[in-house]
Each structure stands twice: as structure tokens, then as C-alpha cells.
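Please open the structure in your viewer and keep the selection panel at hand. The stops below say what to select next and what is to be found there.

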Amino acid sequence: MSQPVTPRRTTRASTSAPDSPSSPPKSRSKPSPRRQLLAAAAPDSPSSPPKSRPKPSPRRQLLAAAAPVPDSPSSPTKSRPKSSHKRQLPTAAAVPESPSSPTKPRPKSSHKRPPHAADEPTDDNPLAALLESLPGRRAQARDLLRLLAPAPALPVLLHGGAATGKTRALLLALRHLRPTPRLVYAALRSLPSPRALFASILAQLRAALSSSSTSSRQRVPDKPSDFVPALRDALAGVVSQGENVYLVFDNLEVVRGWDKGGQLVSLLLRLHDLLRLPQVVLVYVSSAAPDAYYTMTGSVEPNHVYFPDYTVDEVHGILMRGQPNPKLYSSFLGVVLKPLFRVTRRVDELAAVLEPLFRRYCEPLGSLNGVPDEAIRRRLFEHLQPHLTVALNETFSVPIRASLDDCKDGISGGKGSVKRQFGGRDGLSSELEFHMSVSAKYLLLSAFLASRNPATLDAALFDATGGTDSRNRKRKSSQASIDRKDTMAEELLMKGPGTFPLERLLAIFQCITSVSEDMLDEVECEDTIMGGSGMNALMSDVLLQLSTLCNSNFLSKSRSCPLEGSGRYRSNIDEDLALKVARSVSFPLSKYMYRR
Amino acid sequence: MTEPSREAPLTAAHNIEPFFVLHKAAAGASLTTSRARRRVDKIPQPSSPSPKSPKRPRDEDGDDEGDMELYEQLRLEAFHRTWSKIQSTINEVLRGINLKLFDQVLRWVQESFSTVRSVIRPCPAEIQQPYPLLTDVICRKIPTAFVLTKNAEFVDDVTTFRDLSDHLESNGCHLAKLSSTELSAKYGVAGCLKSLLRQLLSDVPDVADVSALASWYCRAKNYDQPIIIVIDDLEQCSGDVLGELVMTLTEWVIKIPIFFVMGIATTLDAPRKLLSSEALQQLDPCQLTMGSPSDRMNALVEAILVKPCAGFCISHEVAVFLKNYFFRHDGTITSFISALKLACSKHFSVEPLSFLCMGTLEEDCENFWRDKFDAMPEAMQKQAFGLPSCTRENNSIKPGNNLVEGLSALMKLQRDWSSVLSCLYEAGRHGKVQLLDIFCEAINPDLRTKKDSNIELLMSKVTSGNLPSGNSGAGRRFLAQALDTVRYMPMETLFRVLKVWSIHSEGMNEINDKVKELQSTTTSADCMRITKDKWTRSTNSTANGAVPLNEKATMLLDDITRKFLVPVECLPFHEIICFKNVGVLQSALIGNPRRMVQLDLLKSQSRLKCSCCSRNGIAVSASLHDTSIMCNLAQEYGDVINLQDWYLSFDGIINNTNSKGKRKLIGSPSKKKSKAAPQESEAMIQARFCRAVTELQITGLLRMPSKRRPDLVQRVAFGP
């Protein structure tokens with residue numbers, strides 16, 4: 001009988017051909033391509049939840065047909081074989097690459113059966129509640145319960161994309177275990193260092209042992225080698241009280257980014273072997289696929305539970321939960337969800353985008369209690385449509401909520417405000433939104449020019465006659481040289497902004513300020529003394545302005561010696577901002593920009 | 001008599017800093033040290049508010065000297081009182097501007113907190129458990145207020161954010177500040193957390209961890225308030241670390257209500273560029289905007305300069321300089337205030353009669369002035385009437401024989417001036433005229449002389465002021481613009497403007513009456529007309545209908561402008577309250593340190609006035625400081641200096657001290673060496689040479705040799 005996700009002990013080092021359908025859960029499947037397939041297949045499949053799951057390949061159908069499903073003859077049937085298939089199909093694919101051991105049915109599987117069997121009759125109360133609170137995660141919840149249920153269980157790895165309910169499913173499943181186990185939880189994301197991790201785990205264990213340890217502050221181990229014995233001691237203490245301990249490492253993928261994270265990951269994954277405490281169950285939760293952790297050999301491999309992304313209908317179901325007016329919200333989702341789902345599939349992101357949209361949607365309605373009929377729906381949709389377009393564009397970037405005043409404007413202004421938002425996005429608003437002194441503006445412009453133009457053209461662009469002369473010369477040059485220059489310019493664009501030394505920046509600054517000095521003097525013709533000296537003195541504190549620009553991330557500076565000042569700079573601003581700045585000092589920037 | 005005493009401290013003020021640089025360098029070097037030091041002691045310190053400059057004529061009798069000291073004390077007191085008045089006004093104005101923003105932030109905090117708590121209100125036990133709460137909240141986000149400071153320069157906002165923190169804290173929020181140094185890659189997230197805990201908890205655990213914060217938060221006294229993290233300069237933070245911090249705190253956001261307040265100097269693109277999209281998704285942003293720097297500037301100018309709050313004012317030149325400095329160079333309120341303080345301190349230190357300013361702060365100013373004037377020695381009384389403003393021929397307002405009356409009149413005229421300027425600004429505001437601009441025009445003394453010709457005004461009327469290019473129009477561009485604004489103002493706005501005018505003109509009865517009259521005619525007649533003309537406004541109201549009233553208002557404004565807008569520099573005795581010396585400010589604010597250092601190095605003899613060097617005249621003497629010698633020698637080269645040549649000439653000068661006649665032998669190194677051996681060892685000279693070169697490098701006058709050309713140094717500063 002093909003028990004799909006029976007826990008087994010497998011070691012990667014052992015070599016043997018898979019001979020049973022219940023071969024090790026290698027789950028080497030790359031979920032993503034399949035998801036893509038699924039996505040491609042989705043439109044033509046009817047949208048009932050089970051069917052929009054991965055399209056069963058012929059082979060899978062065979063398997064599914066062949067595998068008699070022991071429990072749950074009802075709706076989960078379809079998801080069940082799917083999950084079994086997922087575990088087996090890749091195994092066959094992975095045969096040449098990593099032959100795995102024949103499954104030695106664990107001796108403890110006999111332990112395991114009874115609670116599972118006990119599941120069957122009591123399917124209604126605890127399990128039903130569990131499944132109820134995990135929409136779209138039926139299969140995973142069952143797997144989890146099965147894998148975790150008896151205390152002496154193998155390590156489990158939950159993996160799947162962000163916001164697919166891994167942690168939630170795990171915590172809920174653990175809550176359903178009897179007797180209530182001791183949970184030691186390490187949220188690796190909120191722990192800044194390995195030391196903090198060790199401290200957190202040991203503190204939780206010591207708290208469990210409150211009677212004996214008197215919570216005297218013990219030294220936190222610095223090194224993993226010190227941590228393991230300390231952990232074993234602490235665990236042994238708890239276990240000796242007759243409790244089962246579930247040690248959960250959430251967001252395991254974060255550890256890889258830590259200093260020496262690779263070693264720590266392999267240590268954490270080997271803990272089962274290192275500790276050798278049967279009452280301790282290790283659970284790993286990760287948004288990275290298990291492949292990411294196949295660095296060690298010879299240790300027990302955790303059982304995998306895969307959490308696929310939600311489908312549209314599952315998302316629909318999740319979002320519908322707890323809505324005060326389901327009919328209204330459902331009609332809203334019917335309009336909005338499909339287009340947004342093309343942009344993102346993460347429930348949390350969708351929820352964040354949908355919330356303000358729903359508020360907009362309800363605006364024309366007086367109360368939220370009514371049930372909208374067809375005409376009202378159409379009207380609501382028309383009201384919503386412009387906002388929806390904005391939301392679709394903004395899901396990629398950050399939805400920044402406008403200020404209070406803007407909100408008020410938006411409510412009263414309706415469509416106008418949307419248009420204005422568009423204007424802001426497209427950079428049509430020509431005003432510079434913040435204050436900068438004139439000399440800082442010129443310096444920023446010169447930095448932009450220095451980064452943008454090739455240094456060889458400085459002489460041509462900034463000579464006494466201006467840019468026009470050089471352009472004439474360019475026209476006379478041969479076709480070949482023009483082509484060469486074209487490719488050069490293209491390369492320049494591809495490379496992004498270039499770096500430049502301080503001298504070049506100051507030289508360009510001097511040039512462009514001397515050009516615009518006349519204009520400024522015209523404006524200030526009354527105060528000749530001040531106008532003249534003011535502009536001349538622009539140079540004097542230019543280095544101060546430089547540091548201002550660096551501080552506000554407009555320029556970045558590399559490698560510098562305070563005495564030599566030989567660092568190179570690069571301007572980080574885009575052309576839009578540069579044009580805005582130029583406009584604010586009425587400087588003809590485009591005249592100085594090198595274009596092909 | 002005033003002239004020399006005014007001049008002496010000014011030159012000292014110009015040069016005090018470079019002088020000290022030189023002094024320090026000279027200390028270890030030559031025999032001129034003690035003399036130099038004595039000289040330094042003699043030179044008055046201009047940074048102190050009351051230099052001893054008027055004390056210069058030392059041969060006066062002791063009584064006089066006692067008087068001098070007394071008046072010095074008085075001036076010092078006057079400065080302190082005046083400046084503290086100005087300072088408190090500034091603080092008040094800025095607080096008033098900021099308070100609006102602070103209240104907005106506070107409201108946002110309270111709203112967010114109630115939203116968070118309405119979702120779930122975890123009990124302490126739940127908060128302290130290490131694993132996340134199981135809620136139906138799909139999306140966990142950290143409420144974040146982005147405060148746009150609207151100024152690329154950050155100096156002003158440091159105090160603003162400090163005040164904001166205080167404001168929030170006094171309203172019961174838990175507050176922590178993270179600076180950009182803490183949010184740098186060097187310290188990482190662990191450093192941030194530690195700093196957070198240190199600011200909130202009294203007992204910081206060994207290992208920084210959010211759970212410690214959670215258990216602290218569970219205590220009863222901490223529980224019902226949100227935790228605000230203020231990051232005042234987002235742009236300077238490391239995006240990675242901040243992103244990580246955001247992700248870390250997200251795990252806890254339902255349990256502990258932590259909100260961010262982030263200051264952004266530039267645009268909202270800054271967080272987008274800085275943070276990863278994953279971290280950005282965890283923020284629930286809200287944008288708040290500070291008043292722009294020019295708004296604050298306008299408010300400050302209005303409170304300090306237009307309404308003379310402490311009797312101290314500035315001349316047109318100074319005003320224009322400050323304006324240009326603000327817009328072109330620095331753009332911070334901080335530097336504007338410091339410039340103003342500098343001007344104030346200079347004024348009280350230089351102007352002998354300036355202590356009379358204090359009178360404006362007294363209850364009964366005339367009495368104060370009379371007392372002071374009677375107590376004044378003869379010389380000073382004479383000095384008062386000898387002020388240029390009193391002796392001027394073409395003055396329209398003749399000074400009386402009485403200083404007290406003169407000062408009272410001055411004050412009165414100043415008050416009128418400020419009322420009229422306020423009226424003008426109130427009108428011009430609707431035409432986007434900045435107060436600073438119109439202030440600079442109103443304070444221009446040339447305006448007064450020019451204005452007598454009515455033709456120009458007529459011109460501007462005809463062409464509606466759109467000829468700023470014309471030379472005559474440029475002088476009063478903004479005034480004309482303000483008048484035009486009134487001329488073409490819609491009725492409703494004019495009502496409001498008139499109402500404000502009547503407030504501004506409260507002290508001036510005749511104007512107030514006229515304004516009232518205008519107001520009454522408006523209310524009775526035009527109100528109806530407006531309603532009637534509402535629909536045909538485009539054709540009728542602006543072209544014909546509005547003419548009478550708008551024209552009347554314009555006439556009135558024009559009239560009072562001509563009558564009462566008398567710039568302070570045209571009034572007698574204005575020197576007592578008005579600071580005019582723009583040069584001092586200029587050198588203090590703009591400065592040109594590198595040039596000053598070079599100049600002082602080149603002309604050190606003239607500063608030190610030592611006997612050994614002055615004899616030689618132009619020639620470089622060996623008794624000069626090494627760096628000074630080197631700098632003088634460097635003048636002979638172009639933009640690169642050959643080290644070998646330079647060293648040889650240096651060597652020549654040093655060794656020439658005891659062999660006066662050998663100066664011509666500088667060029668021949670072999671002879672030099674044999675000569676030099678007994679006086680100064682070769683190694684010593686090399687060491688001195690190296691030190692001098694390094695000092696020149698440190699002062700920024702030259703750059704060390706590059707790898708490509710190891711024997712050449714590059715000059716950075718040129719010119720004498």
C-alpha cells in the first residue's frame with residue numbers, strides 16, 4: 001500500500017535503487033516550473049479547487065488510480081494523490097542522480113499508525129476544526145499531523161513560498177497534538193546572530209525547567225560546539241520531566257545569509273543525529289526549497305511537506321473569511337482578484353492591495369449591509385476601475401499612502417486625484433519637491449553631466465563656442481567612425497553612470513556656473529556687489545555642498561583619503577530628477593548632455 | 001573718531017582663525033615665538049561680544065576709562081538681552097510651525113495604535129510566547145510615517161526631530177531614536193537592536209533580542225502605549241541593515257506595536273531605492289510633510305526683521321547678502337540664525353551707542369533713553385549727533401536736537417514701516433511673493449530716492465508690472481507685483497486682505513480709518529454685485545466691475561507705501577539700531593579658509609611684526625617658520641613643483657642665516673653642503689623640509705607626489 005508520506009529513515013549516502021513506490025520522499029521536484037505549467041493550464045481548466053491543482057500527467061493519473069487512498073474518500077481525494085504523486089514522481093526522475101536507500105519502514109511506524117487511525121473516527125472535531133482554519137491546506141495539515149503525531153518522530157521540513165501558511169499550519173497542528181507538547185520556537189528572522197539564537201532556545205528551555213534552574217543567568221555559548229552540549233543538557237532536563245519537545249526553526253533560509261551561515265545550517269539540520277533524543281522532534285520551516293540545504297551527507301534527512309502557492313479560488317476563499325458582508329465582498333473580489341492575481345499571488349500582498357480598493361469600492365454605497373444587484377455592481381465597477389489600474393501598476397512598486405490632506409482631496413476630487421497620481425508617477429510634475437541651495441543644484445548637475453558624458457568630450461562640450469561647433473565636426477566624420485561612436489555611446493548607456501574624480505567635477509561646475517552667472521546677474525542686477533561676489537564665492541564652499549549631496553545619496557563616493565581627496569564619485573540620480581533640478585535653476589541641461 | 005575704532009577690530013575679525021593656525025605652527029619653531037604670543041594677546045578677540053576696541057586711546061584719563069568700561073558692560077548687557085529676545089522669538093516661531101506637524105504625527109500614532117489594537121489585543125502571556133500569534137490577520141505591516149523635510153541639507157531637521165521625539169514622549173509614547181551611524185553595516189541589526197533596548201529597557205540583556213523587549217512591554221506601566229522608533233535621516237542609513245531591522249520587527253508587530261517615523265530629506269523615492277521590496281512590503285506608509293525651508297524663513301523674517309521684536313535691524317546690503325546666502329549657498333535656517341547672531345554681536349561690539357537699543361525692550365523707553373542720554377559723557381553725545389545719518393544733507397526727515405525724540409521718532413517710523421510692509425506682503429502673498437524678497441526691496445534706501453519720480457509707477461501700472469527686465473522696474477519688482485495683485489484680486493480674497501490690513505494698521509489711525517472705510521463700502525455694495533456677477537465673472541467682474549474697489553485698494557496701498565515705507569537707512573540715528581557692515585558677515589560666513597591660510601603664510605611678517613624678518617623686506621628670511629618659507633618658495637613654481645629644486649632652495653635659505661653673503665650660492669648644492677654641515681645637519685633640514693611639506697598638504701595647499709611622477713608635488717592653491 002502506498003502510504004504517501006510515511007516517514008522514513010533515509011541516508012543520502014546509502015546507495016540502492018528505489019524499488020517500491022513508497023521510495024524516499026526526495027521531493028527533488030522544482031516546484032516552480034510546474035507551477036508555471038499549472039498557471040498556463042489554468043485558464044482552460046474549470047475553476048473548482050481540486051482541478052486547478054497541478055494537472056495530473058498520465059503517469060500521475062495512473063499512480064493516482066493505482067494508489068488506493070486509505071482515508072478520506074470525500075473531497076480531499078484529489079489533493080491526496082497529488083501530494084503522494086509529488087513525492088514519487090521526482091524520485092523516479094532523480095534516480096540517476098542520487099540513488100536513495102530502500103525505505104526501511106521505521107519500527108516506529110507502528111507507533112504512528114494508531115493516532116492516525118484514531119484520526120479517522122474523530123475526523124469531525126479536532127481535525128475538522130484544524131482543516132477549517134487552514135483553507136486550502138488540507139493535505140498539508142494531514143501530512144503534518146501524521147508526521148508529527150507521535151513524539152519520537154523524524155525531523156520535518158516545511159517548505160514553500162512566502163505567505164503560504166507554513167508557520168500557521170505548523171502551529172495549529174501542534175496545538176492539536178495530545179498530550180500538548182513543549183514547543184521551543186526560534187524565529188530566525190527576528191534573531192540577529194547565532195548567539196542570539198542559542199540564547200533564545202536555551203532561555204526557552206530553561207524557562208520550561210523553571211523549578212530546577214532558578215533562572216540563574218547562565219553563560220550564553222558563543223560557538224556552535226558549545227551550544228550542542230548545552231542544548232542537550234537543557235533538553236534532557238525537559239525530557240526527563242516526561243514532556244515531548246518540538247524544536248522549531250522558522251525561516252531557516254535566513255541563516256544562510258549570516259556570517260558562517262552555511263556551517264550553522266548544516267549544524268541545525270544535523271541536530272537530530274547530534275542530540276539523539278527521541279522525544280525531541282525537530283521541525284524546520286523554510287521558504288527555500290530543500291535543495292538549498294543538501295550540503296551535508298550521512299545524516300537523517302527530514303521529511304518534506306511542500307506548501308504550494310494558493311490558487312485563485314483558494315485565495316478567494318481565504319479573503320472571504322470573516323467578511324461582514326460576504327455578498328458585497330464577493331462581488332468585489334470577482335471584479336478585482338483575477339487581474340491582481342496576475343501580478344502577485346501572495347495572499348498578504350493581495351490583502352494589502354485589496355483593502356484600500358475595497359474602501360473605494362464601497363464609497364458610492366451608503367451602508368455596507370445591502371446586497372448589491374447587477375446595476376449597482378456595474379456602477380461600483382465603473383467607480384473602481386480607474387483606481388484598479390493604478391493599483392495594478394503600483395503593486396510592483398510601493399503603495400505609498402498620500403498624506404491626510406491628499407486623502408481628503410482624493411475623496412472629494414475623485415477622478416482628478418487619480419490623474420494627478422498618475423502625473424506624479426510619470427514624472428510629469430515638473431517641480432522639485434525639496435529645497436536645495438543654488439550652488440548645490442549646480443553641483444548636482446555637474447555631477448550628473450560628469451557621470452553621463454564621456455570624459456573625452458568635456459573639452460568639446462564646454463569650450464568657449466559651446467556644443468554646436470563640435471556637433472558640426474561630428475557630422476563631417478566618416479560613417480565608420482560614427483558607427484564606432486554609436487556603439488561606444490550605447491556601451492556607455494549600458495554601463496550606467498560613470499565615475500569621475502573631484503577635479504573633473506569642479507571643472508564642469510566652474511564651466512556651467514560661469515555660463516549661468518550672466519543669467520543670475522540679470523535677475524539680480526540691482527545688487528551688483530552681491531550678485532558678482534555671491535557667484536564667485538560659489539566655489540568657496542563647494543566642498544560642503546558635496547558632502548550634502550553625498551549624504552542625501554545623490555552622489556556616492558568611493559575610496560578616499562581625507563588628505564588627498566582622490567576619491568572618485570558617481571552620480572546616482574536619474575535624468576528626470578536632473579531635468580527637474582535644471583529647470584528649477586533654468587539651466588539648459590540638454591544642451592550639455594551627450595547623445596548619439 | 002568712530003572710524004579707526006571701528007576699523008581695528010574688523011581686520012582682526014577677518015583674520016583671527018588663520019592667525020591662530022599660524023601661531024600654533026610658529027610655537028615650536030623660531031625665536032619669534034614669545035613676541036608673537038604677546039602680540040596675539042594684545043589683539044582683541046572679536047568673537048567675544050564686547051571687544052575692547054573703543055578702549056584704544058589709552059592716554060585718556062582714568063575717569064574716561066571707567067566710563068568706557070561701564071558702557072562696554074552696558075553694550076554687553078544690551079546684546080545679551082536683545083539676543084535672548086530674538087532667540088526666544090525664533091524658538092517660538094519654529095515651535096509654532098513644527099507644532100502642526102507634531103500634532104499630525106501624534107494623531108497618526110494614536111490612530112495607528114487604535115487600529116492595531118482593534119485587530120487584536122494580546123494578553124501579556126501571549127506576547128511573551130516566542131512563537132507568533134495565530135490570528136486571522138493576513139498581512140502584518142509596520143505603520144510608518146515618512147516625514148518629508150523638504151530640504152536636502154539636514155542641519156535644521158536635527159532639532160526638529162529632537163523636538164518631535166520630546167513631543168511624542170511627553171504624550172506618553174515609548175520612544176527610541178536610531179541614528180544613521182547605528183543603522184550602518186558596521187554595527188548591523190544586532191547593534192540596532194541593542195541600541196533600541198538600551199534606550200527603552202533599564203536592564204539590557206547580554207544578547208540583544210526582541211523577546212527582551214516583549215517582556216519589558218508586558219509590564220503594566222508600559223503596556224498601553226506604542227513604541228515609536230524615530231530615524232531622522234533615512235538617506236544616510238544602510239538599506240540592508242534597515243531592511244533587516246524591518247523584517248525582524250515584522251515578526252513581532254502584532255504583539256508589540258512598534259511604529260517607525262522616518263525623516264526623508266529628498267523625495268519618496270529614497271525609501272524605494274534604499275529598501276528591498278520585501279522590506280517595503282512590510283511597511284504601512286503614510287506621508288507627512290514639513291513646512292518648506294522658505295516658509296520657515298518667511299515666518300522668521302516676519303517675526304524678527306519685519307516686526308522688529310528687539311529693536312535690532314539690518315541694512316539693505318546685509319539683508320540681500322543673507323538672502324543670497326540662504327538661497328544660493330546654504331539654505332538652512334541654522335546658518336541664517338547664526339549669521340543673524342553674528343551680525344547682532346558685531347553690532348553691539350562695534351557701535352558705541354548701540355546699548356540704546358535696549359530701550360526698546362524697556363517699559364518706558366523714552367525715560368530710559370533720557371536717563372542714559374543725560375548720563376552720557378560729552379564726547380558720546382557729540383558722537384551721536386555726528387552720526388552720518390544726522391549730518392546727511394539730503395535727508396527728508398531732519399533730525400531734531402534731541403536724541404530721545406529722534407529715537408522715538410525712529411521707532412515710530414519703524415513701526416509704520418513694518419505695518420505697511422505687512423500689508424504689502426499680505427497682498428503680495430496671493431501673487432506668490434516671498435516675504436524675504438519684498439523685505440529686501442522695502443529696506444532698500446535707494447528706493448526712497450528713486451521713488452520720487454512718479455513716472456515709473458505709472459509705467460508699471462500701464463504695463464501691469466511685467467517688465468522686470470527694465471532697469472527701473474527691477475528696483476521695485478516685488479512691490480509692483482504686490483500692487484498688481486491687489487489690482488486684479490478677486491473680491492473674496494480682497495475682503496480677507498482688507499480684514500488683515502485693518503489688523504496690521506491698528507497703530508496708524510488715518511490708514512486704519514481708510515481701510516475701514518474701504519471695508520464698509522465693500523460689504524454694502526459689492527457683496528450683492530458679486531452674487532449677481534457670479535455667472536458672468538469672466539467677462540464682467542474682472543474687466544469692468546472690479547475696477548472701482550480694486551483700484552481704490554490699490555491706490556490706498558500705493559499711497560501708504562509712498563508715505564510710510566521709509567527704509568530704516570534713511571532715518572536719522574538709524575546707526576544705533578541697524579547693522580550695516582556686510583563685509584564682516586561675508587568673511588565670517590563664506591570665508592575661504594584655504595586662501596586665508598595661504599595669504600597668512602605668505603605675509604606672516606606683516607602679522608607677526610617681528611624685528612628679524614621685517615628688515616629683509618621682501619626677501620625670505622630663515623627666521624620665518626619653515627612652512628612659511630616653503631610656501632613663499634612655492635610661489636615661484638607653476639602647478640607642479642620639483643621636489644629636488646624646492647628642497648635645495650629651502651636648504652639654501654636655512655643655511656644662509658649665519659652666512660649672509662652667500663645668498664647667491666643657493667644654486668650650487670655641493671658648496672652648500674659643505675657650508676651647511678656645521679650649522680644644521682642635513683638630516684635635520686630634511687626632517688624640517690618633510691614636516692613643512694606635510695603641513696602644506698594638511699592645510700590643503702598642495703598634493704603629494706603621485707606614483708607616476710614621484711619627484712613632483714602638485715600645487716592646489718594658486719594666486720597670492
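Begin in this predicted model with two helices of chain B: select H14 (residues 333-350) and H29 (residues 582-589). The crossing of H14(B) and H29(B) is right-handed. Their axes come within 10 Å and cross at roughly 135 degrees. An angle that is neither under 35 degrees, nor over 145, nor from 65 to 115 counts as oblique, and H14(B) is therefore oblique to H29(B).

Now display the side chains at this crossing. On H14(B), select B:Ala339, B:Leu342, B:Ala343 and B:Lys346, which make the contact with B:Val584, B:Leu585, B:Ala588 and B:Leu589 of H29(B). By class, seven of the contact residues are nonpolar, none is polar and one is charged.

Next, remain in chain B and select B:Gln414, which lies in helix H18 (residues 403-429). Is this residue buried or exposed? B:Gln414 has a relative accessibility of 4%, and because buried means under 20%, B:Gln414 counts as buried. To see what surrounds this residue, add B:Pro308, B:Cys313, B:Val568 and B:Ile577 to the selection; B:Gln414 touches these four when residues up to four places away in sequence are not counted.

Move to chain A and select A:Ala289. This residue is placed in the loop between strand S6 (280-286) and strand S7 (303-307) of chain A. A:Ala289 has a relative accessible area of 29% and is thus partly exposed. Then select A:Ser584 as well, which is 295 residues away from A:Ala289 along the chain. The C-alpha atoms of A:Ala289 and A:Ser584 are separated by 51 Å.

Finally, return to chain B and colour the residues by confidence. The mean pLDDT of chain B is 75, and 77% of its residues reach 70 or more. Where in chain B is confidence lowest, and where is it highest? Select helix H1 (residues 2-27) for the lowest value, a mean of 36, and strand S3 (residues 227-231) for the highest, at 93.

Two further stretches of chain B deserve a selection. Over residues 527-546 the pLDDT is below 50, and this stretch has 15 contacts in the model beyond near neighbours in sequence. Over residues 660-677 the pLDDT stays under 50, with 15 contacts beyond four places in sequence.

For the complex, the predictor gives an ipTM of 0.74 and a pTM of 0.72.

Conventions
Residues numbered from 1 in each chain as written. Chains lettered and ligands numbered in written order. Predicted model: local features only at pLDDT ≥ 70, side-chain atom pairs only at ≥ 80, totals over all residues. Heavy atoms only, no water. Axes fitted to C-alpha atoms, helices over the stretch in contact; angles between N-to-C directions. Helix = DSSP H or I, 4+ residues; strand = E, 2+ residues; numbered from the N terminus. Left-handed = near helix turned anticlockwise from the far one by under 90°. Contact = heavy atoms within 4.5 Å. Nonpolar A, V, L, I, M, F, W, Y, C, P; charged D, E, K, R; others polar. Buried < 20%, exposed > 50% of the residue type's maximum accessible area, 1.4 Å probe, protein only. pLDDT = per-residue confidence, 0-100.
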